[in-house]
Amino acid sequence: MATWDDLVLPEAPRQKLAEIAAEVRQRLEVNKTRGHGSRISRSPGITALFAGPSGTGKTMAGEVLAHDLHLPLHRIDLSQVVSKYIGETEKNLRRLFDAAEGGGAILFFDEADALFGKRSAVKDSHDRYANIEINYLLQRMEDYQGLTILATNKKEALDPAFVRRLRFIVSFPLPNAEQRKEIWRRVLPAAVPAGDLDLDKLARIKVSGGSIRNIALQAASLAAEEGETVGMKHLRRAAGEVGG
């Protein structure tokens, strides 16, 4: 599982993640020392939104928190939970939270915009039920005595009124050239023994950290197939294939 050393992020989101970890750790400690009957143990759950383009480290950040806090991570694709049938979404969410209660797991909901998209007005019964589903999820998140994370690639698609109810907002930007170079430096040795590689040239390829990892793995496969050490030619080919 990923650790803090695997995350290449600007200082602001790293600091925000550290604050989340500290709050969860202290909440667990308070519950352990004061018991479940204390006023603090019944305080609202810890909720967070991870927002940023695909491949910028949102899922990895969830893994880092789980590893750091020694908690299981349950990753749920929210788009698979949402149902077009009235009442089914709440049933699906109820089963998820009921199963997680008491276990202390971190709940990581991916594709949050599947449910939290902006709604300018309630036009029919389906809009009303959609709002009920959203409020139900937020209420269960706030009642859950653990950490729940919503992840989205499209923060601008989320209704600001719902976003304001979340405790932490962590933005995951695309890496700059310096950060891309560091990601290349970290993933290449882990993937394969590297040959004559120009990290500065690789860092000029404007891709996400997730894409860099995919390129490195694809390049490793290409080099292995040819019985060679990974070189720039393999990385250039892999970049073209991964980029489509």
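In this predicted model, the side chains of strand β3 are divided between two directions, with Ile106, Phe108 and Asp110 pointing one way and Leu107 and Phe109 the other, and all of these residues are buried. In a regular strand, side chains alternate between the two faces of the sheet. Since five of the five residues of β3 (residues 106-110) are buried, meaning under 20% relative accessible area, the strand is largely enclosed by the rest of the structure.

The neighbours of β3 were then examined. Strand β2 (residues 73-77) runs parallel to β3 and is joined to β3 by five bridges, and within this pairing His74 stands opposite Leu107. Strand β4 (residues 147-152) also pairs with β3 in the parallel sense, over three bridges, and here the bridge partner of Leu107 is Thr148.

Aromatic side chains provide a further set of links, as the structure holds four aromatic pairs. In one of them, the rings of Phe50 and Phe172 have centres 5.2 Å apart and planes at 50°, and the pair is therefore classed as tilted. Because Phe50 belongs to strand β1 (residues 46-51), whereas Phe172 lies in the loop between β5 (168-171) and α8 (177-191), this pair ties together parts that are 122 residues apart in sequence. Both Phe50 and Phe172 are buried, and ring pairs link these two residues with Phe108 into a cluster.

For the protein chain as a whole, eleven helices and five strands were assigned, and buried residues make up 45% of its 244 residues. Among contacts between residues at least 6 apart in sequence, 74% join residues at least 24 apart.

Notes: Residues numbered from 1 in each chain as written. Predicted model: local features only at pLDDT ≥ 70, side-chain atom pairs only at ≥ 80, totals over all residues. Heavy atoms only, no water. Helix = DSSP H or I, 4+ residues; strand = E, 2+ residues; numbered from the N terminus. Buried < 20%, exposed > 50% of the residue type's maximum accessible area, 1.4 Å probe, protein only. Contact = heavy atoms within 4.5 Å. Phe/Tyr/Trp six-rings, centres within 6.5 Å; stacked < 30°, edge-to-face > 60°. Pairing = 2+ DSSP bridges.
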